Every structure is written in C-alpha cells, then in structure tokens.
Amino acid sequence: MTGHHPQTRAVHPPVIYPAGSRPIGVPIYQGHLFSFEAADGLAAAFQGPDEAFMYARMGNPTVRSLEQAVTELEGGAGTLATASGMGAVNAVLMGLLRAGDHVIAQTALYGGTYALFQGLADRWGVEVTYIPGDDPAEVRDAIRPATRLLYLETIANPTTHVTDLPAFTAAVRGTDVLTVVDNTFAPLLCKPIDHGVDIVVHSTTKYLGGHGDVIGGAAVFADPDLHRRIWSHALELGSVADPFAAWLTVRGLATMPMRVARQSASALDLAGRLAAHPSVSRVHYPGLSDHPQHEVARRMLPDGSGGVLAFELVGGRDAGGAFSEAVRLIGLGPSLGAVMSLVMHPASTSHRQMDAASLAAAGIGEGTVRLSIGLEEPDDLWADIEQALAKAG
Ligand SMILES: *Cc1c(COP(=O)(O)O)cnc(C)c1O
C-alpha cells in the first residue's frame with residue numbers, strides 16, 4: 001500500500017498469513033468478511049455450510065473448528081454452532097416446524113424449551129403432546145399424521161430422569177418423525193446419534209465450555225441434508241456463534257473428558273452421602289441403584305451419570321430456599337457444568353414459569369434442590385453441604 005495516502009493505508013493494514021509454520025492451537029478469526037480472488041469462489045460460498053468462508057454469519061474458521069470438534073464428539077455428519085443453547089433449540093424447532101404441525105415432547109423439559117413450545121403453540125398453532133418419557137408406548141399412543149418431531153432430553157433437569165433413547169427412537173422408526181435430543185447433561189457419556197437420534201442439541205455454555213465464561217450452543221445432525229437445511233434457516237435467524245465464544249468453547253473442550261469423569265465420580269460420591277443424611281428424604285441421581293431409570297442409565301451411561309444431582313429436603317420449600325442461601329463454597333446460580341459447583345432451588349428459579357400442576361407433573365417438589373458438582377475436592381464440598389443442611393434445618 002506504499003504510495004497511497006495515510007488514510008488509505010490506515011484501512012489496509014498488512015494481514016499476515018503464516019507461511020512455513022502453523023499455529024498449534026485454534027486461532028481466533030474475528031473478521032466478519034473474507035474476500036475472494038474470483039467471483040466463482042464467492043458464488044460457491046453461498047451454497048452450504050461446508051463451503052469457503054465469505055460472511056461470518058454463514059461460516060467462520062474458528063466457529064468451524066468448534067463445529068467439527070462437536071461433530072466428532074457426537075458422531076454426527078455436521079454441526080451448527082449457535083450463540084446460545086436456546087439459539088440451537090430455536091434454529092432446529094423454527095427450522096423444522098410449520099403452523100399446524102404436531103410435536104411429542106417429554107414433560108420434564110428445560111424451562112426455556114418448555115416456554116418456547118408454549119410460544120409455538122400460542123402464536124403458530126404448533127400442537128405439543130407431553131409424555132412422561134417412561135415407556136415408548138406413550139409415543140405410539142400420541143403419534144398422528146401431523147406429528148413431525150419427538151423431543152427428548154438424555155438426562156432431565158432437575159429430576160435426573162433418564163430417557164431410554166434406543167427404545168424411543170425405535171418407536172418412531174419407519175415414520176417421518178424426527179427425533180431431537182437435548183444432550184446438555186451428558187456429553188461424552190452418551191452419544192444419542194448412536195441410538196438412532198436425528199438431531200442433538202447442546203447448551204455448550206455448560207459442560208463443553210465448562211468454565212462458566214461463555215454462552216453458546218450447538219445442533220448436531222446425523223444427516224448432512226438436515227444440516228444444510230437448518231444451516232440455511234439459521235442464516236435468516238441470525239443465531240450464529242461468535243468467533244471468540246467459539247474459541248473459548250474449543251479451549252474448554254480440551255479438558256472436558258477429564259472434567260466430566262471427575263464430576264461424575266464426585267457426584268456419585270456426594271449422592272451416596274446425601275442419601276444417608278436425615279434432613280434428606282430422597283436423592284435423584286441415575287448412578288444410585290434406587291433411581292427409577294438406574295437400569296437404563298447403566299446401559300446408556302456406562303461411564304458415569306454426569307455431574308448433576310438433586311435431592312428433596314424434609315423441610316420443603318423454606319428449607320430448599322434456606323439451603324441454597326446457606327452454602328458458602330458452592331455458588332447459588334441457575335447453571336451447571338462448570339468447574340465450580342453450583343446450587344439451585346428450581347421451584348423459585350428455572351421452573352418459575354410452571355404452575356403448581358406442571359411442576360408436580362415434571363416431578364419437581366417444593367423442597368427439591370439441584371447441585372451441579374464441579375472440580376472441588378469432594379470432602380470440601382461435603383463439609384459445605386453438611387453445614388448448609390444444618391442451617392436449613
Ligand atoms: C442451559 C440449558 C439450555 C439453554 O442453553 P443456553 O446456553 O442457556 O441458551 C438448554 N437445555 C438445557 C438442558 C440446559 O441446561
């Protein structure tokens with residue numbers, strides 16, 4: 001750019017492309033646009049999610065690193081990384097459903113997903129039939145000609161209900177119904193696509209990012225055509241991942257296998273200790289032998305049941321609130337999957353949109369407390385839990 005005026009040079013700084021060596025980590029490509037040598041290359045970039053990079057809402061190299069890593073993690077054909085977990089859920093539901101379509105969804109849903117289904121029903125006339133998710137016969141009873149989707153969660157929040165994915169996908173095999181599974185609670189532990197699921201969604205905010213420092217989501221597709229279809233819808237929706245957020249998530253993924261193994265082991269340990277405590281009437285953790293789907297969990301989650309557990313306090317609503325405020329090491333907050341442990345009392349936070357009847361139908365008691373176990377030493381966590389139980393009464 002020598003020879004040009006300073007204001008011209010200022011907007012054309014040198015861009016450095018490494019030659020002869022490569023970065024060992026994933027670089028952050030923060031730019032929103034790539035330019036082309038030839039118009040043909042530009043035209044091709046409009047065609048699909050795996051083409052050349054052009055405009056960052058359509059694709060970005062840092063975001064694609066994350067997408068390919070998640071595709072491998074879940075054993076899919078392609079991934080769409082989104083700005084949040086709800087961005088992924090929205091991209092999939094809005095991309096697949098039309099007015100008058102019918103959906104079968106399990107009752108114990110993430111609060112935001114439940115609210116989204118309510119909105120789709122109220123505004124677009126999408127009908128939703130809620131099923132407990134215990135028996136595939138529920139699907140055979142609910143299915144109609146207008147049914148498009150079966151929406152499930154691997155491990156539900158906060159009941160830790162485990163859905164028998166092989167049995168439920170078998171119930172819609174041979175029909176046009178697509179199965180969508182939110183696998184946020186069980187990355188690595190369960191690969192829903194191996195069980196016949198068509199689309200897996202994640203809040204990467206949780207275990208994939210893992211450090212409580214990023215919001216993100218992903219939708220993984222078993223079929224490349226479905227990937228292309230939802231990708232082109234997501235271009236219009238605009239819920240794409242930001243490169244820096246994608247970079248933080250890729251960075252988090254490096255330690256996820258060790259984090260998830262440790263969190264599962266600590267959760268099992270603490271679940272056992274809680275079950276023996278007199279202030280606790282019941283513990284919900286799939287790894288415990290008295291869990292209603294323990295046998296399903298042994299099949300589907302052979303390497304561990306994840307880092308989330310819930311328990312019922314004998315003292316009910318007041319005790320639940322008091323416990324969540326009495327912990328000192330464990331943070332009070334409605335999230336999970338981070339390196340630091342978190343507590344939440346769902347009845348007053350994440351599930352507050354639900355009336356008493358839907359709460360009960362989702363299996364949530366007034367004194368239900370959810371714990372997301374982090375990487376702290378389990379003895380330190382137990383000391384915090386014990387003192388908070390004593391204060392909660
Ligand atoms: C957090 C969460 C979501 C939503 O993800 P965001 O990243 O907060 O948008 C969806 N499903 C489950 C199971 C979650 O825990």
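This note goes through helix packing, the ligand surroundings and one loop in a predicted model.

1. Helices α4 and α5. Helix α4 covers residues 85-96 and helix α5 covers residues 111-124; their axes come within 11 Å and cross at roughly 30°. An angle under 35 degrees counts as roughly parallel, and α4 and α5 are therefore roughly parallel to each other. The crossing in which α4 passes α5 is right-handed. On the α4 side the contact is made by Met86, Val89, Asn90, Leu93 and Met94, and on the α5 side by Gly112, Thr113, Leu116, Phe117 and Leu120. Sorted by class, this contact has seven nonpolar and three polar residues, with no charged residues.

2. Helices α4 and α8. Helix α4 also meets helix α8, which is made of residues 224-237; the two axes come within 9 Å and cross at roughly 105°. Angles of 65 to 115 degrees count as roughly perpendicular, so α4 and α8 are roughly perpendicular to each other. From α4, the residues involved are Gly87, Asn90, Ala91, Val92, Met94, Gly95 and Leu96, and they meet Leu226, Arg229, Ile230, His233 and Leu237 in α8. By class, the contact of α4 with α8 has seven nonpolar, four polar and one charged residues. Asn90 and Met94 are worth locating in the structure: they are among the α4 residues in contact with α5 and also among those that meet α8.

3. Helices α3 and α9. Helix α3 (residues 61-74) packs against helix α9 (residues 243-253) at an angle of about 40°, and the axes are 8 Å apart. Here α3 passes α9 in a left-handed crossing. The contact is made by Thr62, Val63, Ser65, Leu66, Ala69 and Val70 of α3, together with Pro243, Ala246, Trp247, Thr249, Val250 and Leu253 of α9. The count by class is nine nonpolar, three polar and no charged residues.

4. Around the ligand. Which residues are around the ligand? They are Ser84, Gly85, Met86, Tyr110, Asp182, Thr184, Phe185, Ser203, Thr205, Lys206, Gly216 and Leu336. Met86 is thus listed around the ligand and also in the contact of α4 with α5.

5. Polar atoms at the ligand. In methionine 86, a backbone N or O atom lies 2.8 Å from an oxygen atom of the ligand. For serine 203, an N or O atom in the side chain is 2.8 Å from an oxygen atom of the ligand. For threonine 205, an N or O atom in the side chain is 2.7 Å from an oxygen atom of the ligand.

6. The loop between β4 and α7. Strand β4 (147-153) and helix α7 (165-172) are joined by a loop in which proline 158 is found. The peptide bond from asparagine 157 to proline 158 is cis, with omega near -5°. Threonine 160 is placed in the loop between β4 and α7 as well, and its phi is near 55°, a positive value in a residue other than glycine. As background, most residues other than glycine have a negative phi, and most peptide bonds are trans.

Notes
Residues numbered from 1 in each chain as written. Predicted model: local features only at pLDDT ≥ 70, side-chain atom pairs only at ≥ 80, totals over all residues. Heavy atoms only, no water. Axes fitted to C-alpha atoms, helices over the stretch in contact; angles between N-to-C directions. Helix = DSSP H or I, 4+ residues; strand = E, 2+ residues; numbered from the N terminus. Parallel < 35°, antiparallel > 145°, perpendicular 65-115°, else oblique. Left-handed = near helix turned anticlockwise from the far one by under 90°. Contact = heavy atoms within 4.5 Å. Nonpolar A, V, L, I, M, F, W, Y, C, P; charged D, E, K, R; others polar. Near = heavy atom within 4 Å. Polar contact = N/O pair within 3.5 Å; in protein donor to acceptor, adjacent residues only side chain to side chain.
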